[in-house]
Amino acid sequence: FFTTILAVTFNGGVIIGSDSRASIGGSYVSSKTINKLIQVHDRIFCCIAGSLADAQAVTKAAKFQISFHSIQMESPPLVKAAASVLKELCYNNKEELQAGFITAGWDRKKGPQVYTVALGGMLLSQPFTIGGSGSTYIYGYADAKYKPDMSKEECLQFAKNALALAMGRDNVSGGVAHLVVITEEGVEHVVIPGDKLPKFHDE
């Protein structure tokens, strides 16, 4: 099971991020080096939550469907279309699967977008979202500090601070922070080692 994931829109783009740990049963860290950010198309990524096996199976099927859809339409897929593919897979198999997703990306129609696909297949559009066990410690921070139309630098700092706070409090969140910045120009990967994350007064 996965720990802290998030996605945030800013003026001209979106940032999706996570820590690098996976846990079993909420107490045992089974992997310290997992990258939860999966590229499903050129400017669309998703963060996986829930069961690792289920999430990997769904993203594998979704990548195929989204690529096929793009070929049929002869244009890059919309972010909402990619999120809808994930939603359909989760909803149609809700009795067997324990997988949820944050989908984020940029398209020509609506620009930067964030969608949450909850366990069971509910689809929500939000300007930012957080998930996983570490998110319970940072809802107050996220609600207080998020503002619409942030600059890229402000948004990166928001994401770094949120992940650092979650990783500091949650016993199964930690490792490195993986961030992906998605804009019209393209995709930028940012990896921040644990010792380079922002420090707070309790550490």
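Let's start with H41, which counts as buried because its relative accessible area is 16%. Here, buried means under 20% relative accessible area, exposed means over 50%, and partly exposed is in between, using a 1.4 Å probe and protein chains only. H41 sits in strand β5. Helices (H or I, at least four residues) and strands (E, at least two) are DSSP runs, numbered from the N terminus. Leaving out residues up to four places away in sequence, H41 touches I66, S70, P76 and P77, where a contact means heavy atoms within 4.5 Å.

A quick word on the model: it is predicted, so local features need pLDDT of at least 70 and side-chain atom pairs count only at pLDDT 80 or more, while totals for chains, interfaces and linings use all residues. Residues are numbered from 1 along each chain as its sequence is written, and side-chain values use heavy atoms, with hydrogens and water left out.

**T3 and K36**

Which residue does UniProt mark with the feature "active site"? That would be T3, and the UniProt entry is an unreviewed one. UniProt positions are given in the numbering used here, feature names are shortened, and annotations may be inferred rather than shown by experiment. T3 is found in the segment before β1 (5–10).

Is T3 buried or exposed? T3 is buried, because its relative accessible area is 0%. Not counting residues up to four places away in sequence, T3 has contacts that include D19, R21, S23 and K36. Further along the chain, G131, G132, S133 and G134 are also among the residues touched by T3, as are D170, V172 and S173.

K36, one of those contacts of T3, belongs to the loop between β4 (28–31) and β5 (37–41). K36 is buried as well, with a relative accessible area of 0%. Where does the side chain of K36 reach? It gets to the backbone oxygen of R21, at 2.7 Å. That is a polar contact, meaning a pair of N or O atoms within 3.5 Å; within protein, one must be able to donate a hydrogen and the other to accept it, and residues adjacent in sequence count only if both atoms are side-chain atoms. R21 is also on the contact list of T3.

**Buried residues in strands**

C46 is part of strand β6 (residues 44–50) and counts as buried because its relative accessibility is 0%. Setting aside residues up to four places away in sequence, C46 touches residues including I16, K36, L37, I38 and V40. T59, L86, F101, I102 and T103 are also in contact with C46.

V114 is in strand β8, and its relative accessible area of 1% is why it counts as buried. Beyond four places in sequence, V114 has contacts with A7, V8, T9 and V14, among others. I102 and T103 are on the contact list of V114 too, and both also touch C46.

G186 lies in strand β12 (residues 186–192). At 18% relative accessibility, G186 counts as buried, and it touches R43 and V181, not counting residues up to four places away in sequence.

Here are some C-alpha to C-alpha separations for these three residues.

| Residue pair | Apart along the chain | Apart in space |
|---|---|---|
| C46 and D143 | 97 residues | 22 Å |
| V114 and S27 | 87 residues | 29 Å |
| G186 and T33 | 153 residues | 25 Å |

**Two exposed loop residues**

E74 has a positive phi of about 55 degrees although it is not a glycine. E74 is in the loop between α1 (52–73) and α2 (79–92), and it is exposed because its relative accessible area is 75%. D149, also not a glycine, has a positive phi near 60 degrees. D149 is in the loop between α3 (139–145) and α4 (152–169) and counts as exposed, at 61% relative accessibility.

**Pocket linings**

How many residues line the largest pocket? There are 19, and A49, G100, T116, G131 and G132 lie nearest its centre. G131 and G132 are also contacts of T3.

Definitions and conventions: On a 1 Å grid over the protein atoms alone, a cavity is a set of points where a 1.4 Å probe fits but cannot get out, and a pocket is an open set with protein on both sides within 12 Å along at least five of seven lines; lining residues have an atom within 4 Å of a point.
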